[in-house]
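Colleague: I am new to this structure, and I would rather understand one part of it well than skim the whole. Please choose one helix and lead me slowly through it and what surrounds it.

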Amino acid sequence: MAKPILYSGTKNASSWAMRAWLALRAAGYEFDEVVVDIRRPQRFGNLARIGAFSPPASVPVLDTGSTVIFDSIAIMEFANDFCQGGLLPVDAEARARARSLVAWQHAGLSGICGRISFESSFYPQKRRLTDAEQRECDRLFACYEDCLDQSGGPFLFGPVSLADFMHAPSAIRLSRHKADTRQWPRTAEWMRASIAHPLVAEWLSEADQQPHIWFDDYLVPGAEAELAAAQA
């Protein structure tokens with residue numbers, strides 16, 4: 001019998017596929033991975049082919065052999081069910097809070113640092129965060145800090161959970177842009193622990209080797225000169 005297939009995405013672009021992949025691997029769910037190239041212009045034809053069996057025509061998609069599960073949050077919940085709830089806290093209130101963090105990221109994380117994409121995490125030279133972006137980070141970090149104060153760490157709810165896997169790409173993009181965490185010491189430790197997690201490190205080892213995907217709106221006024229000085 002063929003293994004289930006996770007249709008994943010380009011490793012340095014598809015943060016949503018990364019989240020699903022992390023949860024499935026952590027749950028011990030065995031699958032084969034098919035990486036779909038979502039870079040332009042080939043993304044349009046590639047995703048159209050995904051649309052032949054998955055209505056959203058996007059990745060990630062998990063084909064179990066008997067059903068198709070699309071959307072990262074559904075795949076992550078499936079992974080949690082597969083391991084008998086091992087990827088969410090046992091306590092009902094903590095579990096609901098973890099799901100709140102999962103849902104917040106899934107809904108766009110209130111646009112926090114929207115111009116700091118997952119793709120930009122892999123740029124060889126990165127611009128500094130603006131003051132406004134740092135304030136957005138502080139709002140997010142305050143939430144992390146509160147969770148970590150209550151759980152004691154090392155992850156948001158003690159043991160690693162769906163909340164950590166859902167927010168791992170944000171930890172990567174913000175830490176690699178040197179977001180200031182001096183007033184958020186537990187958050188700084190959590191970010192380091194998340195990035196060092198063996199599964200996250202495995203994904204990044206591939207992502208760091210791939211060609212960069214550039215976005216024109218990444219730079220802000222003055223950033224060109226800043227990057228040129230850094231390269232000099």
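Modeller: One cut-off is needed before anything else: a residue counts as buried when its relative accessible area is under 20%, as exposed when that area is over 50%, and as partly exposed in between. Please also keep in mind that this is a predicted model.

The helix I would choose is α5, which runs over residues 131-151. Its 21 residues, at 1.5 Å a residue, should span 30 Å, and its end C-alpha atoms are indeed 30 Å apart, so the expected and the modelled spans agree. A good part of this helix is hidden from the outside: the buried residues are Glu133, Gln134, Cys137, Asp138, Leu140, Phe141, Cys143, Tyr144, Glu145, Cys147 and Leu148. In reading such a list it helps to recall that an α-helix has 3.6 residues a turn, so residues three or four places apart point the same way. The buried residues of α5 pack against three other helices, namely α4, α6 and α7 (185-196).

One member of that list, glutamine 134, shows how the cut-off works, because its relative accessible area of 16% places it among the buried residues. Leaving out residues up to four places away in sequence, glutamine 134 touches Leu129, Ala179 and Asp180.

Where α5 ends, the backbone has two features to look for. Just after the helix, glycine 152 takes a positive phi of about 85°, and the peptide bond that follows from glycine 153 to proline 154 is cis, with omega near 5°. Proline 154 belongs to the loop between α5 and α6.

On the far side of that loop comes α6 (residues 162-176), one of the helices against which the buried residues of α5 pack. Within α6 lies histidine 167, which counts as buried because its relative accessibility is 0%. If neighbours within four places in sequence are set aside, histidine 167 is in contact with Leu101, Val102, Gln105, Leu109, Leu140, Tyr144 and Trp190. Two of these names, Leu140 and Tyr144, have already appeared among the buried residues of α5.

The end of α6 is tied to a later stretch of the chain. Side chains of opposite charge can pair when their charged atoms come close. Here arginine 176 and aspartate 208 meet through their side chains in a salt bridge, at 2.9 Å from N to O. This pair joins distant parts of the chain, since arginine 176 is in helix α6 while aspartate 208 is in the loop between α8 (198-207) and α9 (223-231), 32 residues away. Both partners are partly exposed: arginine 176 has a relative accessible area of 26%, and aspartate 208 has a relative accessibility of 36%, which means that it too falls between the two limits.

Beyond arginine 176, in the loop between α6 and α7, lysine 178 has a positive phi of about 55° although it is not a glycine. At 71% relative accessibility, lysine 178 counts as exposed. A comparable case stands on the other side of α5, where cysteine 113, in the loop between α4 and α5, has a positive phi near 50° without being a glycine. Cysteine 113, however, is buried, with a relative accessible area of 1%.

There is, finally, a space in this region to consider. The structure holds one cavity of 30 Å³ or more, and about 30 Å³ of space lies in it. Its lining is made by Phe155, Val160, Asp164, Phe165, Ala168, Ser194, His197 and Val200, with α6 giving the most, three residues. By class, this lining divides into five nonpolar residues, two polar and one charged.

Notes. Residues numbered from 1 in each chain as written. Predicted model: local features only at pLDDT ≥ 70, side-chain atom pairs only at ≥ 80, totals over all residues. Heavy atoms only, no water. Salt bridge = Lys/Arg side-chain N within 4 Å of Asp/Glu carboxyl O. Helix = DSSP H or I, 4+ residues; strand = E, 2+ residues; numbered from the N terminus. Buried < 20%, exposed > 50% of the residue type's maximum accessible area, 1.4 Å probe, protein only. Contact = heavy atoms within 4.5 Å. Expected span 1.5 Å × (residues − 1). 1 Å grid on protein atoms, 1.4 Å probe; cavity = no way out; pocket = protein on both sides within 12 Å on 5 of 7 lines; lining within 4 Å. Points joined across faces, edges and corners; volume = space filled by probe spheres on them. Nonpolar A, V, L, I, M, F, W, Y, C, P; charged D, E, K, R; others polar.
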